[in-house]
Amino acid sequence: MSNELSSIAVTRPLLPDQADVQRKIAEIWSSQWLTNMGAQHGALESRLADFLEMPFVSLFNNGTNALYAALRVLDLPAGGEVIVTPFTFPASVHVITACGLTPVFCDIDPITLTLDPACIEQLITPRTCAILGVHVYGIACDVRAIDTIATRHNLKVVYDAAHAFGSRIDGIPISRFGDVTMHSFHATKLFHTIEGGGLLSPHPSLQRKIYLERNFGIANEETILSAGLNGKANEIQSAIGLLVLDMVEAEWERRKALLDRYRPFLSAMRGITLMEPQANVTPSYQYLPIRIDAERAGFSRDSLYTRFRSENILPRKYFYPLCSSAPHYKDLPSAQASNLPVATKASGEVLCLPFYGALTANELARVVNTLLAAHENPDRVPIGDNSLSRRAI
Ligand code: T4K
């Protein structure tokens, strides 16, 4: 019976009005310019730089290529070690090996689930050349502690801010910390260009290097300056980005309101912690992660996940399994679970709940009622119940 209910995804993309998309496509068609840094691309780069209050934003065809380029433009020594969190999407680590560098997995802070500065210090060797932190779910890394460590040991700092579009720390745009920051503009991100990404940096001098890195190193028709690859975003991606950017602030408001409706239930549930950015961090409203302490809640993250699936509700275990357990990393000394106790525990406890502005009141009710049913009767698989009245949502 429950599977007859329509599915509720973890997220849904912002979809601009089709007539506006048609108008943009007509504009692009009449220009006959489809890619290679055209008018839409230039307009989006400059609007994003204004919106995010950064010296520049360099668009890419996806966030992974952007992060790869971030490491490349920092001229890190071949074979150098990059300290990285295992609690992330695999792309954050794959780019390190793609650059001929070695990932060194570092444990995370038990509250923020971002790189633990004390663990970073313990992993530094003469081969360490960079730190790659992830502002996971928009929760900020301890950027000031990381900056102090990096300065002391002469290391570069790259941030994967795939989940932190528009975030600020003490009012300062999050991309002003570290040497280079990447945002993903994938369709699952609040601001998106269908596929896409961006690099941002407080160092204006890096803009030219980044440009070359995403354009084959070509400076002009007769000059190749570096071994760059192809990371270019095209005109349709850029045009979609311009339309989606106009929708971002309203979507932030909708997600803030949705979070305000989820919060009272989540915070009243024994053994469940709603993970939110620090008080001094402006939320990005990208995901809604909860953490389940199985002993206190009476059920595990995995059993709750199964319950949700039986109700056709599709939360995600971001990020399980840990990147460090992937076949190509698991034999690294730093990848051993005994070195990563906090990350190992967290990857078994976090669940990202459905969270997007278009989630209806009925859908919210289905999610919350499934959680409540799990609490009331951990052993019973709940049946569908859309009514919120008796639980006063
Ligand atoms: N660093 C971090 C920390 C990241 O989280 C990511 C990407 C990256 C780096 C790399 O950035 P990109 O190269 O991707 O720009 C999704 C995204 O594909 C991925 O971008 C994202 N992180 C990751 C956390 O989530 P999946 O495998 O979970 O996606 P998928 O296809 O299962 O979609 C999830 C749900 O979203 C679907 O159940 C329904 C909804 N959805 C998805 C798509 C693609 C839609 O409603 N419409 C859609 O078009 O990876």
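I call a residue near the ligand if one of its heavy atoms lies within 4 Å of it. This is a predicted model, so I note that local features need pLDDT of at least 70, side-chain atom pairs count only at pLDDT 80 or more, and totals for chains, interfaces and linings use all residues. Residues are numbered from 1 along each chain as its sequence is written, and side-chain values use heavy atoms, with hydrogens and water left out.

**Entry: the ligand shell**

I looked up who surrounds the ligand and found 26 residues, with Arg12, Thr64, Asp160, Arg316 and Tyr318 coming nearest. I sorted the shell into 11 nonpolar, 11 polar and four charged residues, where Ala, Val, Leu, Ile, Met, Phe, Trp, Tyr, Cys and Pro count as nonpolar, Asp, Glu, Lys and Arg as charged, and the others, Gly among them, as polar.

**Entry: oxygen atoms of the ligand**

Next I checked polar contacts (pairs of N or O atoms within 3.5 Å). A ligand oxygen is 2.7 Å from an N or O atom in the Ser184 side chain, and for the side chain of His163 I read 2.8 Å from a ligand oxygen to an N or O atom. At Gly63, a polar backbone atom is 2.9 Å from an oxygen of the ligand.

**Entry: backbone oddities**

I then turned to the backbone. Most residues other than glycine have a negative phi, and most peptide bonds are trans. Here the bond from Tyr318 to Phe319 is cis, with omega near 10°, and another cis bond joins Tyr320 and Pro321, with omega about -5°. Leu113, not a glycine, has a positive phi of about 60°.

Definitions and conventions: Polar contact = N/O pair within 3.5 Å; in protein donor to acceptor, adjacent residues only side chain to side chain.
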